[in-house]
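Reader: Hello! I would like a close look at the charged side-chain pairs in this model, please, with some care over where the partners sit.

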Amino acid sequence: MNTNILNKYNVSVPRYTSYPPANYFESFTEDNYIDVLERSNIYGTSNLSFYFHIPFCYRLCHYCGCNSYPMQKQENVKAYVEAIHKEIDIVAKHLNKKRCISQIHYGGGSPTSLPVTVLKEFNEHLFSYFPTIEHPEIAIECHPGYLEKNDWYKLLSAHFNRFSIGVQDFNEDVLKVVNRTPSKLPLLDIINILREGGASINMDFLFGLPLQTPDSFLQTMRKAITLKPDRLTTFSYGHCPWIFKRQMILEKAGLPSSEDKSLMFKNAETELLKAGYEEIGLDHFVLPSDELTLALNTHQLHRNFQGYCTRRTTGQVYAFGVTGISQLDMAYAQNTKSIDEYIAMLSIGHLPVSKGYNLSSQQKIVRAVIEQLMCNYHIEWETLASELNISKEFLMDSINYQSDVLEEMQRDGLITFSEDYLTVLSSARPFVRNVAAALDPMMINTEKHFSKPL
């Protein structure tokens, strides 16, 4: 893409990890949440997907856009752990015990800032309530900067079978300027331990950081390929200093141009495809043997707050911990941001819900359209309408379908479309969010702020 096109579409648009995005959430009460919890036993997939938010970090990275907090005193951490156990008990009371766990995912913060024994107890607490599907996905995000060799073995014994290792970049000068601690052990040693334990390995990288260049990030990708993780993610750094004030530090260090960011992704994509990886969604690359590849090829790829997943493992998401977002068939519910309030509410037996959103029937249709586009870059309108048990005409009326806008995107080389289908071109995949936003009725005259694609 030429510079004019890049600049034209490098504008504020939602990431669409949820629909509607979280900045549309409204006031939501404990009674609201209990109501949608109980209705989730009837509507939507029966699989259970659980998320644990561990907010603590030994050291905050300047780029972080997560809800993270510096490590607190041990008594505060202990109180937080006890509160999560209480939250599990309350939520479980409202869920059908015949439903099966298909996913458990830990994010943060740094989940591995907690002792592995604590993480194991969380998993086993859930297992005491619910059965699991065959081969459930028990995943954890790991900061390799603080884990000794024995810690990786302990994590394997705590039921984890998928590990997302936050590498971000192999260039230690880049890590230093963003305040990230490099891996304590050689990555190859970590991978060998996990592979011997039968685990799947994901390595996460971030592009668009200070000191990164298209060539330096390409070298990082080439090193990653030699380690051959099962999955590899290349996330575009989302610069939102109006939300995360610490990101302003990176402005002083100097951020790459949108043209350089685009080239970083394109170089990485070319190198990974050449190495035999398959491209999944917006930012994932997986080996051909990975179940995500099969899901993509059979149009069974799905996306929720846990990331890309298959229909086999997807479930309605029930979140524990501060700021955790439960993603149910008909609603979202988000916990309070305050650790103190979270602990206090659960100490008296109340769920610490602060925000949420009840989806209308129209919004559920829009969500299905955006999910299909974000996962597969292709929509066949008649097929999707049939899956939703509605007419094609009703589907098209439910979204913001404007042929003149789509024609402009087609002229600019982002898509091809007709009355029957819409396809995002491979060269324009970083801008799939823009295409989704063009179909989103909630983006009409919105004053909400979002990150840019590049």
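Reader: To begin with, how many salt bridges does the structure hold?

Author: Happy to walk you through them. This is a predicted model, and the structure holds 14 salt bridges. As background, side chains of opposite charge can pair when their charged atoms come close. Let us take three of the pairs in turn.

We can start with Glu148 and Lys184, which form a salt bridge whose closest N and O atoms are 3.2 Å apart. This pair links distant parts of the chain, 36 residues apart. Glu148 belongs to the loop between strand S6 (132-142) and helix H5 (149-157), while Lys184 sits in the loop between helix H6 (172-177) and helix H7 (187-196). How open are these two side chains? Glu148 has 41% relative accessibility, so it counts as partly exposed. Lys184, at 43%, is also classed as partly exposed.

Next comes Arg231, which pairs with Asp290; here the closest N and O atoms are 2.9 Å apart. Arg231 lies in strand S9 (residues 231-236), and Asp290 lies in the loop between strand S11 (284-286) and helix H11 (291-297), so the salt bridge ties together parts that are 59 residues apart in sequence. Buried means under 20% relative accessible area. Arg231 has a relative accessible area of 5%, so it is buried, and Asp290 counts as buried because its relative accessibility is 9%.

The third pair stays within one helix. Lys266 and Glu269 meet in a salt bridge with an N to O distance of 3.0 Å. Both residues lie in helix H10 (residues 258-274), 3 residues apart, which is about one turn of the helix. Their surroundings can be read from the accessibility values: Lys266 is partly exposed, with a relative accessible area of 36%, whereas Glu269 is buried at 4%. Beyond single pairs, salt bridges that share partners join Glu137, Arg162, Arg231 and Asp290 into one network.

Finally, a word on the annotated region. The unreviewed UniProt entry carries the annotation "domain: Radical SAM core" for residues 42-283. In the model, the end C-alpha atoms of that span lie 33 Å apart, and the span is 39% helix and 22% strand.

How values were computed
Residues are numbered from 1 along each chain as its sequence is written. This is a predicted model: local features need pLDDT of at least 70, side-chain atom pairs count only at pLDDT 80 or more; totals for chains, interfaces and linings use all residues. Side-chain values use heavy atoms; hydrogens and water are left out. A salt bridge is a side-chain nitrogen of Lys or Arg within 4 Å of a carboxyl oxygen of Asp or Glu. Helices (H or I, at least four residues) and strands (E, at least two) are DSSP runs, numbered from the N terminus. Buried means under 20% relative accessible area, exposed over 50%, partly exposed in between (1.4 Å probe, protein chains only). UniProt positions are given in the numbering used here, feature names are shortened, and annotations may be inferred rather than shown by experiment.
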